[in-house]
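Biologist: I am new to this structure and should be grateful for a close look at one part of it, namely the place where protein and DNA meet.

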There are 2 protein chains.
Amino acid sequence: MEPLNPYPPRFMLNVDKLLPCHSVDCVIIGYDKGALSVLVLKWKDLPLWSLPGGFIKIDEHLDDAALRILKDRTGLDMPFLTQFHTFGQAGGKRMSVESDIRELIKSNYPSIGTWFENRFITTGYLAMVQPSECRLVPDELSESCVWMPIKDLPELIYDHNAIVDQAIAHVKRQLNYLPVGKSLLPETFTMKTFKLLYESILGRELDRANFQKKMLKLGMLTRRGKENKGGAHKAPYLYSFDHDKYQELLEKGIGFIP
Amino acid sequence: MEPLNPYPPRFMLNVDKLLPCHSVDCVIIGYDKGALSVLVLKWKDLPLWSLPGGFIKIDEHLDDAALRILKDRTGLDMPFLTQFHTFGQAGGKRMSVESDIRELIKSNYPSIGTWFENRFITTGYLAMVQPSECRLVPDELSESCVWMPIKDLPELIYDHNAIVDQAIAHVKRQLNYLPVGKSLLPETFTMKTFKLLYESILGRELDRANFQKKMLKLGMLTRRGKENKGGAHKAPYLYSFDHDKYQELLEKGIGFIP
DNA sequence: TCTCATTGTGTTTATTTTACACAATGATAC
DNA sequence: GTATCATTGTGTAAAATAAACACAATGAGA
């Protein structure tokens, strides 16, 4: 005998313990093989993609809600995480897309009730992580949780594409105050990797020689030996961050890039 | 015959049409006589000071709520207004102060009911205005609405003092991207006034000659004649902004100050 | 051992920042 | 009138920084 409903309710929100008009969306950025990626969720049974997000418990700090969501998706405990904007749209584009999605949710997950019909204000959080450190786990509504190159993101629900754009713009503008290197690079890395990271964020090429000299002069890098696995060329040094010095420079907002 | 309740309900919130867990607090900054000031409200009948704030209507954009609150207090239609942080505290300091205030509100404004017992997430908005352009109007809970020098603010309710501090820190850090001159200075001004404004924001002295040359070189100032009312000294030029050029420089984030 | 893309560092030039000098101004005091 | 003087507008030299490019060293692969 076939089940009557091919999409039985597998998801239950404890709605009574959540703030009814505020949510969190996370733009989780990773860097791998020379490109920036964002963590996105593929919905169960539905042709929808979205950012990892969630709701805030009645007695939970907003930042803690973001941390919890991040930990649930990536397993990470102490990632770099900061809010970058609160999106307060009441209607317009968001609502028009939402109506389709609401229908889909209603028919597939009737147990959620009218929760998704609430009007939510959502705070966008930016996280920067090392993909290799993550143990990706989709949420109850999703079938998978994957890294997608920022240059080639699928269409996301609501205004999530715009949220990603704004997160990237934030990173670009706040570059001198964000721990991009420390958060996105592995423990040791070559100067070429470091420069490529900056170039993918800034969207422009940097002079190799000047980048190298500037970074070294800041005094936050420690040489860790040589990487002997490249091709037919000089083996580059490996570097790691002097975390104390790095933090000190960041707080003073001393620029890595003018 | 005396009224039974010396504090009759004079204030009614249309609670049904408001988001129940989100509010807006405005740090409205003005500049006058060489000092930065913030607009604060003195509560009716209570020894309390607070920032202008309010709630968001169900179908209102968060930014529009902030605009509405700002217009209600100052009469201004097109001020510079931007959000700078969303405060998501669930308990701690905020709640402990809040309990006193809740008692006061309950006994004095019983019609409000338990609204103020909700847990609110609040988005801080920064506005920069010219005090001389404002027609100050207190809100329903307040008896007055006044400019207070930032250096000498009274103790404010909740965590409003911390919100002000964070707003100022935001202005300092984002100085090169915020229209401080255009927003805070009158139509015409002397270079000395302009420099004093930057000095009060940055909290340090700037070289007079270099400041002047740099600002002139940017090409956003128009000379408007001389100010002939000073003391025994050379009369300074008056300047005004070339608004198009000013906007262009701001968007590119070209620095006024390195 | 020769090749060669890549790497580390040096040098030169242009630009910006900093510090300070100095003449011009114009209301005030005499 | 005119001498005074704090302030203002501009200039200039020194120091620091950024940009552009040169070049030798490296080391796996041919």
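Biologist: To begin with one particular contact, which side chain of chain A has an N or O atom 3.2 Å from a phosphate oxygen of DNA strand D?

Modeller: The side chain is that of Lys214(A), with an N or O atom 3.2 Å from a phosphate oxygen of DNA strand D. Please bear in mind that this is a predicted model.

Chain B also takes part in the contacts with this strand. A polar atom in the side chain of Gln212(B) lies 3.2 Å from a phosphate oxygen of DNA strand D, while Arg208(B) places a polar side-chain atom 2.9 Å from a base oxygen of the strand. Helix 6 of chain A and helix 6 of chain B are the elements that give two or more residues to the surface near DNA strand D. Of the elements, helix 6 of chain B gives the most, with 5 residues.

The surroundings of DNA strand D comprise 25 residues, of which the closest are Lys234(A), Arg208(B), Ala209(B), Lys213(B) and Tyr237(B). By class, this surface has 10 charged, 9 nonpolar and 6 polar residues. Among the atoms of DNA strand D that lie within 4 Å of the protein, 49% are from sugar or phosphate, and bases provide the rest.

DNA strand C may be described in a similar order. It is surrounded by 26 residues, and the closest are Arg208(A), Ala209(A), Lys213(A), Tyr237(A) and Lys234(B). For DNA strand C, sugar and phosphate make up 51% of the atoms that come within 4 Å of the protein. The residues of the surface near DNA strand C comprise 11 charged, 9 nonpolar and 6 polar. Helix 6 (208-218) of chain A and helix 6 (208-218) of chain B each contribute at least two residues to that surface.

Individual contacts reach both the backbone and the bases of DNA strand C. The side chain of Arg223(A) has an N or O atom 3.1 Å from a phosphate oxygen of DNA strand C. Lys234(A) has a polar side-chain atom 3.3 Å from a base oxygen of DNA strand C, and an N or O atom in the side chain of Asn210(B) is 3.0 Å from a base nitrogen of this strand.

Finally, the two protein chains may be compared. Chain B is superposed on chain A by a rotation of 180 degrees with 0.0 Å of shift along its axis, with an RMSD of 0.0 Å. The two copies are therefore related as by a two-fold rotation axis. Both copies use the same surface, since 100% of the contact residues of chain B recur in chain A.

Terms used:
Residues numbered from 1 in each chain as written. Chains lettered and ligands numbered in written order. Predicted model: local features only at pLDDT ≥ 70, side-chain atom pairs only at ≥ 80, totals over all residues. Heavy atoms only, no water. Near = heavy atom within 4 Å. Polar contact = N/O pair within 3.5 Å; in protein donor to acceptor, adjacent residues only side chain to side chain. Helix = DSSP H or I, 4+ residues; strand = E, 2+ residues; numbered from the N terminus. Nonpolar A, V, L, I, M, F, W, Y, C, P; charged D, E, K, R; others polar. Least-squares fit on C-alpha atoms with pLDDT ≥ 70 in both. Contact = heavy atoms within 4.5 Å.
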